[in-house]
Amino acid sequence: MTNTEQDRWSRVKGRLRSSVGEDVYSSWFARMDLEGVQDESVHLSVPTRFLKSWIQAHYAERVLSAWQAELPEVHRIDLTVRSAMRAATPAKEPIASAEATRRPERTDARPMQELRAVATVPVSASHDALGGSPLDPRLTFASFVVGRSNTLAHAAARQVAEGRRGDSVMFNPLYIHAGVGLGKTHLLQAVTWAGNAASERKVLYLTAEKFMYGFVAALKTQTALAFKEALRGIDVLVIDDLQFLQGKSTQAEFCHTLNALIDAGRQVVIAADRPPSDLESLDDRVRSRLAGGLVVEMGSLGEELRLGILRSRVAAARTHHSSFDVPDQVLDYLARTITHNGRDLEGAINRLLAHSKLNNQPVTLDMAEREVRDLIRPQEPKRIKIEDIQRVVARQYNVSRSDLLSSRRTANVVRPRQVAMYLAKTLTLRSLPEIGRRFGGRDHTTVLHAVRKIEALVNRDTALSEEVESLKRQLQE
Ligand code: ADP
Ligand code: MG
């Protein structure tokens, strides 16, 4: 290659970089090489098929116009995958032609058809490489009931699902957390269905386990690069049950993927059973990245919402079993007594359906009481958070929460701080190091010391013991 050609290529790359932005440029074009220029054609190469098809599908015209700005006679870009040894003769395939750029309305223009044809490649390639987790066709926005506890999460999820390629991303990642059976998976799958149906974007839904095994499997077959690139071809990545993500290398990979996607302006949606700050096994950088978007909690299902879910389930069942009917009285009873989670509500309707079908009987209140007895559980103890403990303790002792987290060692702060750490240890499942971290970055031995100290004191000091009991009550109500 001549020096002039080299210089020209540098300028073309500069133009591309400023036209697509640094992030996109480094994701997709950093490893593109110039093979040569011949008359009207420029021959470029990239190291993988995935890169090739992605560039063809998304950036063909930009590449062409960057060249034309330097060399107006260029009318065609050939992009090939270079083999490891650069020996194979490249199959020539125009990725864009001046004709296509000038007359996009021409439906019979071959290059345009080719452009369209390859546009689907990243989609199936990513599926082959990753295998999205199976989706349940019933879990859509249409069947998702909105109530007080999930309004914000629902609105954010809708926003994500309705986004279009190239839209600026409003919050990234969208992180939804809630206890078991409160609708996380339902909402995430709804985003996936709606996103894939409505726009040209590719939405991939993966459980954290699938992410782990997909990745581990890919590593074993030494296609880690293909895996990563396929993942980068996703517009919206949805990961469910993030709390199950385990293992150092998986986490490193997750972190990497997350950063790559977010930096490239792709949307990431995550669900977990706890807030990012409580994902103890993840390292700090990942946690703060997760917390840097929109974090929404879905609370427990209120009675009205439970009633809504029951009605939607009955309506769904009736599409197949038109004779199935559940009287309002029974629905009210179920909504009042099955307070635990959405799964039990679904289970209750399934049982009533099975019972009434098998015995050919209408659903009555008596029958419902018998059938769902075991689904009625005593109220679950409330999930207590470290922040709540700090707030309640600070209020009781008339200090500020930042005093509790500070390094001040005056007696009026030391004792409340120890009490708060003791409560954190006894009322939550958090580990000592985690508690230390949440109390202004203290060492776990400091926490242990505080816990032992208060444990010893409550046995001797009735006033303190009563204070602690009262704090517990306030936290549990
Ligand atoms: P999670 O993933 O949070 O454990 P799921 O999304 O699996 O919970 O929900 C459990 C069950 O409750 C599912 O059958 C789901 O359809 C139903 N469900 C939960 N919340 C809602 C809701 N707001 N509207 C309709 N169904 C819901
Ligand atoms: Mg779930």
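Select Arg313 and ligand 1 together, and in this predicted model you will find a polar side-chain atom of Arg313 lying 2.6 Å from an oxygen atom of ligand 1. Keep ligand 1 in view and add Gly181, where a polar backbone atom is 2.7 Å from an oxygen atom of the ligand, and then Lys184, which has a backbone N or O atom 2.8 Å from an oxygen atom of ligand 1. If you now switch on a surface, bear in mind that the protein covers 95% of the 560 Å² of accessible area that ligand 1 has on its own.

Next, widen the selection to the whole shell around ligand 1, which holds 18 residues, with Val145, Gly181, His186, Arg313 and Arg343 as the closest. Colouring this shell by residue type divides its members into six nonpolar, eight polar and four charged. To see which helices take part, show helix H8 (184-198), helix H13 (303-320) and helix H15 (342-359), each of which supplies at least two residues of the shell. Colouring by domain then explains the position of ligand 1: because domain 2 (119-297) and domain 3 (303-375) both give residues to the shell, the ligand lies between them.

From here, move to the largest nonpolar core, a set of 49 residues in which Leu174, Leu187, Val238, Phe324, Val326, Leu334 and Leu352 touch the most other members. Helix H13 gives the most to this core, with six residues, and at least three residues of the core come from each of domain 2 (119-297) and domain 3 (303-375). As a general point, nonpolar side chains in soluble globular proteins tend to be buried together.

Stay on helix H13 and select Ile309, which is found in that helix. Is Ile309 buried or exposed? Its relative accessible area is 18%, and since buried means under 20%, Ile309 counts as buried. Add Ala335 to the selection and draw a line between the two C-alpha atoms: Ile309 and Ala335 are 26 residues apart in sequence and 9.0 Å apart in space.

For the last stop, select strand E2 (residues 41-46) and pick out His43, which is found there. His43 is also buried, with a relative accessible area of 13%. Which side chain makes a polar contact with the side chain of His43? Selecting Thr80 gives the answer, as the side chains of His43 and Thr80 make a polar contact at 2.9 Å. Finally, add Leu79, which is 36 residues from His43 along the chain, while the C-alpha atoms of these two residues are separated by 6.1 Å.

Definitions and conventions: Residues numbered from 1 in each chain as written. Chains lettered and ligands numbered in written order. Predicted model: local features only at pLDDT ≥ 70, side-chain atom pairs only at ≥ 80, totals over all residues. Heavy atoms only, no water. Near = heavy atom within 4 Å. Polar contact = N/O pair within 3.5 Å; in protein donor to acceptor, adjacent residues only side chain to side chain. Areas by Shrake-Rupley, 256 points an atom, 1.4 Å probe, with all protein chains shown as cover. Helix = DSSP H or I, 4+ residues; strand = E, 2+ residues; numbered from the N terminus. Nonpolar A, V, L, I, M, F, W, Y, C, P; charged D, E, K, R; others polar. Domains from an automatic or database assignment. Core = buried A, V, L, I, M, F, W, Y, C linked by side-chain atoms within 4.5 Å. Buried < 20%, exposed > 50% of the residue type's maximum accessible area, 1.4 Å probe, protein only.
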